[in-house]
Amino acid sequence: MSVLDLHADLVRFPSLSREEAAIADFVEAWARDVDGLDVGRHDDNVWASLGDGDPSGGDGEANLFLLCSHLDVVPPSAEHPYPPFEPTRVDGKVYGRGAVDAKASGAAMLSALAALAREGWRPPAGGRLVVALTACEETGRGYNGMETMRREVFG
């Protein structure tokens with residue numbers, strides 16, 4: 001699957017804040033289909049990684065490189081010129097809710113990580129490269145997927 005196909009698939013999900021379960025299911029299944037990736041999930045936060053590094057490094061030094069984006073979007077406005085959850089290409093641009101913020105970055109990071117895994121690349125011994133796509137970034141209050149995932153998963 002190309003990065004543009006993955007991007008289009010992500011835009012099709014109406015993943016409003018606190019309604020990310022379906023897109024998280026999709027991302028988790030997509031990542032699990034890539035040989036070599038270690039995939040995890042906490043609530044509707046999904047991550048995929050390469051390498052065996054411990055986030056703390058065991059000596060207080062981080063051996064983890066984390067790339068993070070989010071799965072949620074704000075509700076579409078009445079003025080949206082195209083169907084909000086149907087990726088629409090016009091003059092080389094893609095329109096749709098979350099097409100830029102932040103499903104494009106999520107698709108790009110996942111695609112790059114998958115390409116590295118398929119090529120057999122691994123970080124140096126003790127290193128870990130992680131792509132995390134989190135929930136509830138757009139709300140700015142209460143539950144925050146990145147903070148929760150960081151505490152619960154990475155210590």
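Okay, let's start with Ser2, which sits in the segment before helix α1. One thing to keep in mind from here on: this is a predicted model. So, is Ser2 buried, exposed or partly exposed? Its relative accessible area is 35%, so Ser2 is partly exposed. Its side chain has a partner, too: that side chain reaches the backbone nitrogen of Asp5 at 3.0 Å. And if you look across the fold, you'll find Ala108, which is 106 residues away from Ser2 in sequence, with the two C-alpha atoms 9.6 Å apart in space.

Now walk on into helix α1, which covers residues 3–11. Which residues of α1 are buried? They are Leu6, His7, Ala8, Leu10 and Val11. What do those buried residues pack against? Three elements: α2 (21–32), β5 (93–95) and α3 (103–118).

Let me step back to the whole chain for a minute. It has 4 helices and 6 strands. Reading from the N terminus, the order goes α-α-β-β-β-β-β-α-β-α. You can trace that on the picture while I talk.

How about the overall form? The C-alpha atoms fill a box of roughly 55 × 40 × 20 Å along the principal axes. The radius of gyration is 16 Å, and a compact globule with 155 residues would come out near 15 Å, so the chain agrees with that expectation. Of the 155 residues, 41% are buried. The chain exposes about 8,000 Å², and 52% of that area comes from carbon and sulfur atoms.

Then there are the contacts. Take the pairs that are at least 6 apart in sequence: 68% of those contacts join residues at least 24 apart. And the charges? There are 14 positive and 25 negative ones, and their mean positions are 3 Å apart.

Right, a few backbone details next. Going along the chain, stop at Arg18, in the loop between α1 and α2. Arg18 isn't a glycine, yet its phi is positive, about 75 degrees.

Asp43 is another one of these: not a glycine, but with a positive phi of about 55 degrees. You'll find Asp43 in the loop between β1 (38–42) and β2 (45–51). With a relative accessibility of 45%, Asp43 counts as partly exposed.

Where is the cis peptide bond I'd like you to look at? It joins Asp101 and Ala102, with omega at about 10 degrees. Ala102 itself belongs to the loop between β5 and α3.

Next, Gly53, in the loop between β2 and β3 (64–70). Is Gly53 buried or exposed? Even though we're in a loop here, Gly53 is buried, at 6% relative accessibility. Which residues does Gly53 touch, once we leave out its neighbours within four places in sequence? Gly126, Gly127 and Arg128. Remember Asp5, the partner of the Ser2 side chain? Gly53 and Asp5 are 48 residues apart in sequence, and their C-alpha atoms are 31 Å apart in space.

On to strand β4, residues 88–90, where we meet Thr88. Why does Thr88 count as buried? The cut-off for buried is under 20% relative accessible area, and Thr88 has 19%, so it counts as buried. A polar atom of the Thr88 side chain lies 3.0 Å from the backbone oxygen of Glu86. Setting aside residues up to four places away in sequence, Thr88 touches Tyr82, Pro83, Lys93, Val94 and Tyr95. Have a look at Val94 in that list: β5 spans 93–95, and β5 is one of the elements the buried residues of α1 pack against.

Last stop: Ala117, in helix α3. Ala117 is buried, with a relative accessibility of 6%. Who are its contacts, apart from neighbours within four places in sequence? Ala117 is in contact with Val34, Asp35, Leu37, Leu50 and Arg122. As for Ala29, the C-alpha atoms of Ala117 and Ala29 are separated by 16 Å, and the two residues are 88 apart along the chain.

So if you want one path to follow on the screen, begin at Ser2 ahead of α1, go through the buried residues of α1, cross to α3, which is one of the elements they pack against, and finish at Ala117 in that helix.

Conventions
Residues numbered from 1 in each chain as written. Predicted model: local features only at pLDDT ≥ 70, side-chain atom pairs only at ≥ 80, totals over all residues. Heavy atoms only, no water. Helix = DSSP H or I, 4+ residues; strand = E, 2+ residues; numbered from the N terminus. Buried < 20%, exposed > 50% of the residue type's maximum accessible area, 1.4 Å probe, protein only. Polar contact = N/O pair within 3.5 Å; in protein donor to acceptor, adjacent residues only side chain to side chain. Contact = heavy atoms within 4.5 Å. Rg over C-alpha atoms; globule rule 2.2 N^0.38 Å. Areas by Shrake-Rupley, 256 points an atom, 1.4 Å probe, with all protein chains shown as cover. Lys, Arg positive; Asp, Glu negative; His and termini not counted. Charge placed at Lys NZ, Arg CZ, Asp CG, Glu CD.
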